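User: Please take one part of this model and look at it closely. Then set that part against the rest of the chain.

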Amino acid sequence: MKGIFNLFDFSQKVNYKNEILSGLTVAMALIPEAVAFALIAGLSPLTGLYAAFTIGLVTSVFGGRPGMISGATGAIAVVIIALAKTHGVEFIFATVVLAGIIQVAAGLLQLGKFIRLVPHPVMFGFVNGLAIVIFMSQLVQFQEPGTDGVSHWMSGNGLYLMLGLVLLTMLIIWGLPKLTKAVPSSLAAILVISGIVIGFGIDTRTVGDIASIKGGFPPFHIPAVPLNFETLQIIFPYAAIVAGVGLIESLLTLNLVDEITGTRGRSNKEAVAQGAANIVTGFFSGMGGCAMIGQSLINISSGARARLSGIVASVMLLVFIMFGSSLIEQIPMAALTGVMIMVAIGTFEWASIRMIGKMPAHDIFVGMLVAAITVLLHNLALAVLIGVIISALVFAWESAKRIRARKYTDAEGIKHYEIFGPLFFGSIAAFNEKFDVANDPPMVIVDFKESRVNDMSAIEALNKLTERYKQAGKELHLRHLSEDCQQLLKNAGAIIEVNVLEDPHYKIATDKR
């Protein structure tokens, strides 16, 4: 219970300056992303901004990973596009609330621990694919609408101006930490570029050109949907996907932040917090969301390590919406584009390129496949799921090749097979090839001291092997089978007798009923 209610670790040393400045930087970077994700889903910009505020605040206070930033995300926006078009925004709010309930249940059932099953090559592919997606998402800032209403690539002075401002932003972010770390370099870059654009009256695209962010406090609103089974049938499939995508992306982000900071977050607590945040945002006109890798990396790279930075980012975002919209709307998109490109560069695992040719080919393949799916489909959950499945199949295949047998005949004419390696569905064929039923003597002993029978396929293989020896008029004894294996043999319908020639605790003989 202490772990649940101990929200703040007061023993942790907090750099308040870094936390506040990092939070301010994140708040500025959140605005264009939240607006863009809402527009992708076909919703009002304020639904994205309200989601960024409520989700960010709840997860910062109650989450299992201090320093991680959550809000409206593209992964969630993609899922709800179809529902928004067919049933409208009220069904979106109801879906988000139901997704939050599912996430809370997952956290209480401690399902967050299964994120440990994600192999390192999948993490590499996920991170690299995400870095490419972040970079590619910024290329739209180098396009402008033509007279025909279709976006075209910039050219001439407009392109040179945009490139110059973006490169200057990147240069400040790269160079400032070498001179001083008193101020987060991302925040300094945004302020310097904004000052140059506003001071010299440079005509370039700003946050206000995307959409107005002016609004009030998020209004409490119960989703106006019919409370019946038909509504549940409509929203449940979307809610399940939103919950799954949100948890996978959030827990992978948690693992990434853990790796960067050298600390360990609490996955189940984060799952409950993400669910609670989505429940709250569904009742406060938000579109739903999850952890944001890009913003989390901005926060961590700016020196934030505690909950305060996320709280400051959320509160300042609301302040901007309610009182500072006129100022924030003047921030040039070039500055925010430069920040996100540097985030993409920092996110990419460049060491993974040097590993090509040094790591097993199947690990390289899995990493590249996960990255490709992430880039092409923008579906992080699907990419990770496919990567985990392929890694599991590769592991099963490699394990199947490890089973082997040492054979010898003792002085009494009894032939022994000492089995090494796991016996499971993948290794059954190789296991059966080890035995020479026709030429074996009347008594055969199979010793599993260095092996383990893992599944029902293996149990059935043992039963069939016993039947083969029985049909040949020979006796088969099995040694060193575990207690659970003996129980499985009983469940499979085999007669289990104590082999009086051997230790009765370990050695058993089997026969088909």
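Analyst: Helices here are DSSP runs of H or I with at least four residues, strands are E runs of at least two, and both are numbered from the N terminus. The model is predicted, so local features need pLDDT of at least 70 and side-chain atom pairs pLDDT 80 or more, while totals for chains, interfaces and linings use all residues. Residues are numbered from 1 along each chain as its sequence is written, and side-chain values use heavy atoms, without hydrogens or water.

The part chosen is the hairpin formed by strand 5 and strand 6. Strand 5 covers residues 404-409 and strand 6 covers residues 415-423; the two run antiparallel and are joined by six bridges (strands pair if DSSP finds at least two bridges between them). Lys407 has Tyr417 of strand 6 as its bridge partner. Five residues separate the two strands, and among the residues of the turn is Gly413, with a positive phi of about 85 degrees.

Charged side chains also connect the hairpin. The closest N and O atoms of Glu418 and Arg406 are 2.5 Å apart, giving a salt bridge (a side-chain nitrogen of Lys or Arg within 4 Å of a carboxyl oxygen of Asp or Glu). With Glu418 in strand 6 and Arg406 in strand 5, the pair links parts of the chain that are twelve residues apart. The two ends differ in cover: Glu418 has a relative accessibility of 17% and is therefore buried, whereas Arg406, at 49%, counts as partly exposed (buried is under 20% relative accessible area, exposed over 50%, partly exposed in between, with a 1.4 Å probe and protein chains only).

Strand 6 takes part in another salt bridge, between the side chains of Lys415 and Asp440, at 2.9 Å from N to O. Lys415 is in strand 6, while Asp440 is in the loop between helix 19 (428-432) and strand 7 (443-453), and 25 residues separate them along the chain. Lys415 and Asp440 are both buried.

Now the rest of the chain. The whole structure holds four salt bridges. One of them, outside the hairpin, is a contact of 2.6 Å from N to O between the side chains of Arg65 and Asp258. Arg65 sits in the loop between helix 3 (45-62) and strand 1 (70-71) and Asp258 in helix 10 (residues 229-261), so this pair ties together parts 193 residues apart in sequence. Arg65 is buried at a relative accessible area of 7%, and Asp258 is buried at 11%.

Nonpolar packing comes next. The largest nonpolar core has 98 residues, of which Ile31, Leu49, Ile80, Phe126, Met287 and Leu317 touch the most other members (a core is a set of buried Ala, Val, Leu, Ile, Met, Phe, Trp, Tyr and Cys residues joined through side-chain atoms within 4.5 Å). Helix 2 (residues 16-40) contributes the most to this core, with eleven residues. A second core, separate from it, has 22 residues, including Ile419, Phe431, Ile459 and Leu476. Ile419 falls within the range of strand 6, residues 415-423.

Back in the largest core, Phe126 touches Leu252, Ile293, Val370, Leu380 and Val384, leaving aside residues up to four places away in sequence (contact means heavy atoms within 4.5 Å).

Asn278 gives a distance reference for the hairpin. Its C-alpha atom is separated by 68 Å from that of Asp410, which is 132 residues away along the chain. Asn278 belongs to helix 11 (residues 267-283) and counts as buried because its relative accessibility is 1%. Apart from residues up to four places away in sequence, Asn278 touches Ile55, Val96, Val97, Gly100, Gln103, Gly288 and Gly289.

Two backbone angles remain. Most residues other than glycine have a negative phi. Gln110, not a glycine, has a positive phi of about 60 degrees. Gln110 lies in the loop between helix 5 (89-108) and helix 6 (120-138), and its relative accessibility of 44% makes it partly exposed. His480 likewise has a positive phi, near 55 degrees. The loop between strand 8 (475-479) and helix 21 (483-491) contains His480, which is partly exposed at 22% relative accessibility.
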